[in-house]
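Visitor: I have some "why do you call it that" questions about this one. Could you bring it up?

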Amino acid sequence: MKQLAIISGKGGTGKTTLAGAFACLAKNKIMADCDVDAADLHLLLSPKILEEHDFFGMEKAFIKKDICISCGKCREICRFNAIGKTYIVDKISCEGCAFCAKICPEKAVEMKKNQAGKWFVSETKFGLLVHAKLGIAEENSGKLVSVVRGKAKELAQEKGVDLVIVDGPPGIGCPVMASLSEIDFAVVVTEPTFSGLHDAKRVISAARHFKVEVGLLVNKSDLNPEITGKMKSYAEESNISFLGEIPFDKDVINALIAGKNVVETGNSPAAGRIREIWKTVKDRIYDGDT
Amino acid sequence: MKIAVASGKGGTGKTTLSVNLALSLNRRCCLLDCDVEEPNAHIFLKPKFLREEKCNVLIPEIDFKKCVWCGKCAEVCAYNAIVIVPPSGKNEGTGFVFEHLCHSCGACEYFCPIISSKEASSATEINKEIKPRRLAKSISERGSNQCSGSAKAISEKKKEIGKIEFGRKGKVDLITGRLNVGEIRAVPLIEKVKKNISLNLDAIIDAPPGTSCPMVEAVKGADYVILVTEPTPFGLNDLVLAVEVLRKLSIPFGVVVNRYDYGDDRTLKYCARENIKVLAKIPFKRKFAEAYSKGIPLVEEFPECSRLFSDIFKRIESEMFS
């Protein structure tokens, strides 16, 4: 079983559009939407939820007013400034270390379970999708990504599916790292802008730091052919496979508004390029396998 | 006034709006790039960088010569960031700190017992009876406690997770947080960048995308948040999530619809239904996208756009002070 991730560094470059298209083109696969705090892949796949599970994040401290003697020890040791002057815990700032509960001389601090989101297994028109919804202003998105990935892998093994497609989050932080563990190949989707180039370089370094092999792809490439050229040479110099370019194409947006992905709706220039790119990516994933 | 520019979805125009707002203010102001995983404001502002600061977090370090294998540190760590392997048979004891799991809460150092060197040399197995024998000093005093003469096996060392760069261009002070590649904790760095907000200057905070902890940290304490979105199903889905976050945090906000003529009308209908103020609608123009691609701020390439951005500021001011 192989795992393919789609990442970008910069947001809004086309990760989900590409993941949706790959979901349509790959024959036998399971999809995992790992952008858990702004999940969008389900909008392209009309999912029917089969399973729904609670996700519990770190426990949160709760101070029992009737027992608390206002001695101030908890406020003194809390490094997250989560305990106010009136000994009420700010749930958003509390990171669940439980230091306060351990130090409280009156045992007035209780650590309470915290439901920080939900995750789902859904049937879609292109196969199974594991996705999630992080609760409002909750943390631990990295841990939720690991839960989603774990389930996708388990389903793939159980059903004899040989590919998991991971739609990753933007950035280079905790949820991105959780999206990159055990990945066989990562597609970095970028756009020909100085910001896109700057951010792609950082996420590529991050992926390489974790020994993940990457390929680079330029979306909306005709917006600035000069920077697209720079990206090609950057890929060459850094020994990264250049997977291709996708032209700016209004059909991508039109398809999205219809709740579809661009390879489903016809033969626009972008759809043609994405099909070619998928072939290249497929070859790369199974590179060296017999 | 502190204004944060956020969005659920990435790539909707947060940095474009932040930079152009700062440039249109026409008075001294501070722009804080809190998208520390992928900071971009400097690409457009092109400031002269004057200095930089390191951003450190505290990570436990175990001195195995002093460790008595009581296992207290691993037991109190809520993040499972410490593993202690006591000696057994011929094997010497050892332990590991998984730095990426550590939240720097300080509990391990606090609960690590003070042991005399004699006790330490005779300790060979886990002794759970050992209790901490002194209260930890307050956090502000902690730094002075990190000399090698500490009687505890655990001390806290500084670990660099990123940098803060200070630059200036014209009337705009730029403060950029830049997470080191390979580091995963954005929140402590965002917190530190925001410590540089000065009370007598307007501050514009360029937030990271998403709706989880880095975004929350960036918008926390702001007087007003501008949510930038695009009128596509993805943009709308993520706008709704971001609106829920701001309502929970009780921060006033308004929406800027970027490329408003590029998608459908569901986003504007949602805003009307939810009584959300639309501060501005920016049209899609290929020439705007091209200027962006080259790292040129809109107000520099197209001075007629200045009005659009200064009007956003005026609308927020009149909303806040009315």
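Guide: Sure, and keep in mind that this is a predicted model. Let's begin at the interface of domain 1 of chain B and domain 2 of chain B, where four residue pairs are in polar contact, both partners at pLDDT 80 or more.

Visitor: What makes those four residue pairs count as polar contacts?

Guide: A pair needs N or O atoms within 3.5 Å, with one able to donate a hydrogen and the other to accept it. Four residue pairs across this interface pass. Salt bridges are another story: the rule finds zero of them there.

Visitor: Which residues supply most of what domain 1 of chain B buries against domain 2 of chain B?

Guide: Gly182(B), Ile184(B) and Arg185(B) supply 92% of that area, more than any other three residues. The whole area buried between the two domains is about 300 Å², with carbon and sulfur atoms giving 38%.

Visitor: How do you know how many residues touch across the two domains?

Guide: Contact means heavy atoms within 4.5 Å, and by that test four residues of domain 1 of chain B meet four of domain 2 of chain B. The domain 1 side divides into one nonpolar, one polar and two charged.

Visitor: Why is helix 1 of chain B called mostly covered?

Guide: Buried means under 20% relative accessible area, and 10 of the 11 residues in helix 1 (residues 14-24) are buried, so "mostly covered" fits. Among them are Lys14(B), Leu17(B), Asn20(B) and Ser24(B). Just after the helix, Asn26(B) takes a positive phi of about 65 degrees.

Conventions
Residues numbered from 1 in each chain as written. Chains lettered and ligands numbered in written order. Predicted model: local features only at pLDDT ≥ 70, side-chain atom pairs only at ≥ 80, totals over all residues. Heavy atoms only, no water. Buried area = accessible area lost by both parts, 1.4 Å probe. Salt bridge = Lys/Arg side-chain N within 4 Å of Asp/Glu carboxyl O. Polar contact = N/O pair within 3.5 Å; in protein donor to acceptor, adjacent residues only side chain to side chain. Nonpolar A, V, L, I, M, F, W, Y, C, P; charged D, E, K, R; others polar. Buried < 20%, exposed > 50% of the residue type's maximum accessible area, 1.4 Å probe, protein only. Helix = DSSP H or I, 4+ residues; strand = E, 2+ residues; numbered from the N terminus.
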